[in-house]
Amino acid sequence: MSDTRRRVKVYTLNEERQWEDRGTGHVSSSYTESLKGTALTVTAEADGSLLLESKINPNTAYQKQQDTLIVWSEAENYDLALSFQEKAGCDEIWEKICQVQGKDPSVEITQDPIDESEEERFEEMPETGHLVELPPCEPGRLEEIAELVTSVLSSPIRREKLAMALVGTGYIKKLLQLFRTCEEADDREGLHHLYEIVRGVLFLNKATLFEVMFADDCIMDVVGCLEYDPALLQPKRHREFLTKTAKFKEVIPITDSELRQKIHQTYRVQYIQDIILPTQSLFEENFLSTLSSFIFFNKVEIVSMLQEDEKFLTEVFAQLTDEATEDSKRRELVNFFKEFCAFSQTLQPQNRDAFFKTLASLGILPALEIVMGMDDVQVKAAATDIFSYLVEFSPSMVREFVMQEPQQADDDVLLINVVIKQMICDSDPELGGAVQLMGLLRTLIDPENMLAPSSKAEKSEFLSFFYKYCMHVLTAPLLANTAEEDQDLTEGAANVNPVCPDNFQTAQLLALILELLTFCVEHHTYHIKNYIMTKDLLRRVLTLMNSKHTFLALCALRFLRRIIGLKDEYYNRYIMKGNLFEPVINALLDNGTRYNLLNSAIIELFEFIKVEDIKSLIAHIVDNFYKALESIEYVQTFKGLKGRYEQEKERQSRGLSRYRRDARSFEEDEDMWLDVDEEEEDVANAGLDKCKSDYGKFMESEKAKESQDKENQPKRTTSSSFKFTFSHSAGAANAANGSKPPPSASSSGTKPAAPPSGQTARTGLVGLVDYPDDEDEEENDEEVQAPRKRPRLGS
C-alpha cells in the first residue's frame, strides 16, 4: 500500500515553460548526510536509479496543488513538481515539508515569494491570515474590487496575499453569483468590472483559485464574465459555443464520471487559455504558467485513465474495423484516436512507449489500412495524422508490420502502398496531404533510422521488401506520364514532348515523387541503381526536362545531378550508352539567352563534371555535343571540358592513360547488374499495370482538362536552329558529327539509329578511350549554324 501511496512522477519546467517528465519512482523524506538536512529523494521505479535528491530548504516556497501536486523552485529558472498517484501520499510528504519549515500543513503554500523591493515593508507581516482586506461583494463596490485586483498584479507578494484572501473567504463564488444578478439586470457597467476582476484573478496564477473557478458549478460563469470585454461593442458568445456548438461526443459511452468531468474541464480551460485570454506575449513571461500546468496535468490524467481502461479501447477498435459501422460513426472514432494520440504527447517517455505499444497490440495499424482507403476526406486526414504519430514514435514498428503483410495480403492493400496511393490521389490543389505523406515515406525508407540493435538485418530486409512490393506503385504516375516517349517520333512531329504534364497539380505530384527518388539515389546504393537500370528510369525522368513547368524540369535535372554526383562508372556507362545528356543540352539550348535557375543548374552540372574530372563523361560530352556547345562563351565550362578532353587525349597518345578499362570486362559487369531476378521483375510489372489502372482514374478528369487547355497554352519552342532528337542510343546523336539531325531515325541512311548491342556508332565511345582521330572527315561534313548565345555577363 505504501508503495502505491508514495508513487510519483517527477517533472521539470524547461526553457519553453513546458513540463517535461523525468521519470516515475517512489518518494521518501529523510535526513541526508551529504546535504546536511532533510531531503526529498525519488528512486526510479524501473532500475532503482536516483531521479531526484532535493534538500527541503527552510526558505523555499513549496505549493500544494490539486491535492496530488507539490511544486517548488530550486533556482531562478529551475522549477520542480512531484505528481502523486494518491492524495494520501501527497499529504504525507506535504506534512513533512511543513514540519521542516515549521508551518501548518493546512496551508497551500509554505513561504511567500518575497519581492526584494517590498521585503522590508512586509517583514513583520504574519505568515497566515487575510493580509488584504476585501470590500463587500456588492454591485456598488465592483469598481473598487476591480481596482484592487488590478493593483496587485505588479507585486508577487501582494498577488499571493490576495489569492489567500479570495480562497479563505469563498469570495469567488460570491462574485459569480453577483455576475448572474448583473446579467439579469443587464448592468453593462457592472459586467465590465466583473470582466476586469475575473481576468485579474486568473492572472494571479494560483492553482488553488483555478480549482475553484474551473469546478463544474463555476466554470461557465467564469466564461460568462470573460464575454463582457469593455473594449468590445457587443459581448462575445463563448458560452453559446461551448454549450451548443461544441458537442461532446462519446464514441463509446464513458462510464467513469470522474473521467468525463475531467475531459469537459480540460476542454473548457483550454478554450479559455487559447481563445478568450490575450496571448501571453502581451504579459509577463510566466503570468499564466500555472494555467498551462493545470491543463498539462489534466491531460496526463485523462490519457492514463483511458489507457488503463482496456475494455473501452478494445470496444473502440472493434467498432473502428467493423464493416457494419456507419461512416459518421467511424469518422468520430478516428477523430477520437487522433485527439488521443495528441494528448499522449504529454506522457513521459516510458509511458508514451507503453501507450503506443498498447495501440499496436490492439491493431491500430490494420485499422489505419482500412480507414486510409476510404473516400471520406476527413477520415483520411485524421488517419494520416495518427499514422504520423506512429511513424514519429517508431518507424521500426511500422516497418515490421508491413513486412509481415505479403504473406496474407495482396500488394494493393499493403499499408505503405495505401499511403502511396493516398499521396498520389490527394485532391488538395496544393497537395498538402501528399507533402505530409511524402515526409512519412521518407522517414520509413531512411537507412539512418534502420539501425535498431534488435534487428541488424532490418535495413537490407526492408529495402528489399520496399523495392519489390512498393516502388512500382510510387513510380507509376511518373511512368504513366512519360510512357509515350517510348514511341518513335514521326517525321514532322512536334519538338515539344507531348507527354510532359501541362496540369500543374500533376507536375507537383511528379516533383514530389522525384524528390523521394533523389533521396533514394543518395541513400539506397544498390537497390535504386538496380531499379533505375532495369526500368530505364533516368530516361523517363529526363523527358520531363521539356516540361513547361520549370520546377519540374529542375527536379528531373536534380535527379540526374545526384546520380552523376556519385561518380559511379556503372551509372556513367548507363548515361553514355543511352545518350542521356541529350535532353539536358536541348533544355539548355531551348532556354536561349535567359539567365535563370534552369540555366545556372545545367551549367553547374557540367562544371561539376569538369572540376571532378570525370573522364568518361567528359569524353562523351565533347565527342557528341561540343559542336552545339562551343559557341557558349559566357562561361568557360565547355571550353574547359574541351581542354580536359585534349589533355587526356594527349596523354593517351603518349601511352600514359590512367583510366583506360577493358571494354569487354565493363560490359560483363554491366550485364551482371542488369541480370535481375525475372520473377521479381514480373511481380513488379504486374503491380505496375494494376497501379496504372488505378492511377488512370485519378488522371482521367485531369487529362480532359488538359486537352481543353492545350490549344490556349503556348508551346515551348527552341530558341535556336539547333535541336537534338530524342533517341534511345548515343548513335542517334548525329549532331555531334556536325550534321543536321535527320527527320526520323529511318531516314538517316548511312548511320543506324541505334548500334547493335556491344557496339557503338562512330560518334560514341569504344572502351571509353578510343576516340576517332579522323578529324578531316568531320570537317568535310555539312556544318550547321550554331545558336547565338547571349554575351558574357557584365560585358
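Buried means under 20% relative accessible area, exposed means over 50%, and partly exposed lies in between. The exercises below use these cut-offs on a predicted model.

**Exercise 1. Classify Cys425 and Cys182 as buried, partly exposed or exposed.**

Solution.
Step 1. Cys425 has a relative accessible area of 36%, so Cys425 is partly exposed.
Step 2. Cys182 has a relative accessibility of 3% and therefore counts as buried.

**Exercise 2. Find how many disulfides the structure holds, and explain why Cys182 and Cys225 are not bonded.**

Solution.
Step 1. Searching the whole structure gives 0 disulfides.
Step 2. A disulfide needs two cysteine sulfur atoms within 2.5 Å.
Step 3. For Cys182, the closest cysteine sulfur belongs to Cys225 and is 8.9 Å away, which is too far for a bond.

**Exercise 3. Describe the largest nonpolar core and name the helix that gives the most to it.**

Solution.
Step 1. The largest nonpolar core has 146 residues.
Step 2. The residues with the most contacts inside this core include Leu368, Ile532, Phe581 and Ile609.
Step 3. Helix 22, residues 504-523, gives the most to this core, with 12 residues.
Step 4. A separate, second core has 49 residues, among them Leu178, Phe203, Leu209 and Leu291.
Step 5. Back in the largest core, take Leu368 as an example. With residues up to four places away in sequence left out, Leu368 touches Ala383, Ile386, Phe387 and Leu390.

**Exercise 4. Locate Ile614, decide whether it is buried or exposed, and list what it touches.**

Solution.
Step 1. Ile614 sits in the loop between helix 28 (597-611) and helix 29 (615-629).
Step 2. The relative accessibility of Ile614 is 6%, so this residue counts as buried.
Step 3. Setting aside neighbours within four places in sequence, Ile614 contacts Ile564, Lys567, Glu569, Asn572, Phe608 and Ile609.
Step 4. The C-alpha atoms of Ile614 and Asp568 are 9.7 Å apart, and the two residues are 46 residues apart along the chain.

**Exercise 5. State how many salt bridges the structure holds, then work through the one between Asp91 and Lys64.**

Solution.
Step 1. There are 30 salt bridges in the structure.
Step 2. In the salt bridge of Asp91 with Lys64, the closest N and O atoms are 2.6 Å apart.
Step 3. Asp91 belongs to helix 2 (residues 87-101) and Lys64 to strand 5 (residues 63-65), so the pair ties together parts 27 residues apart in sequence.
Step 4. Asp91 has a relative accessible area of 18% and is therefore buried. Lys64 is buried too, at 12%.
Step 5. A network of salt bridges links Lys64, Lys87 and Asp91.

**Exercise 6. For the salt bridges Asp385 to Lys338 and Asp613 to Arg644, find where the partners lie and how exposed Lys338, Asp613 and Arg644 are.**

Solution.
Step 1. The side chains of Asp385 and Lys338 form a salt bridge with an N to O distance of 3.2 Å.
Step 2. Asp385 is in helix 16 (residues 377-393) and Lys338 in helix 13 (residues 327-344), and this pair links parts of the chain 47 residues apart.
Step 3. Lys338 has a relative accessible area of 33%, so Lys338 is partly exposed.
Step 4. The side chains of Asp613 and Arg644 form a salt bridge at 3.8 Å, N to O.
Step 5. Asp613 lies in the loop between helix 28 and helix 29, while Arg644 lies in helix 30 (residues 637-653), 31 residues apart.
Step 6. Asp613 counts as partly exposed at 22% relative accessibility, and Arg644 is partly exposed at 32%.

Note on methods. Residues are numbered from 1 along each chain as its sequence is written. This is a predicted model: local features need pLDDT of at least 70, side-chain atom pairs count only at pLDDT 80 or more; totals for chains, interfaces and linings use all residues. Side-chain values use heavy atoms; hydrogens and water are left out. A nonpolar core is a set of buried Ala, Val, Leu, Ile, Met, Phe, Trp, Tyr and Cys residues joined through side-chain atoms within 4.5 Å. Buried means under 20% relative accessible area, exposed over 50%, partly exposed in between (1.4 Å probe, protein chains only). Helices (H or I, at least four residues) and strands (E, at least two) are DSSP runs, numbered from the N terminus. Contact means heavy atoms within 4.5 Å. A salt bridge is a side-chain nitrogen of Lys or Arg within 4 Å of a carboxyl oxygen of Asp or Glu.
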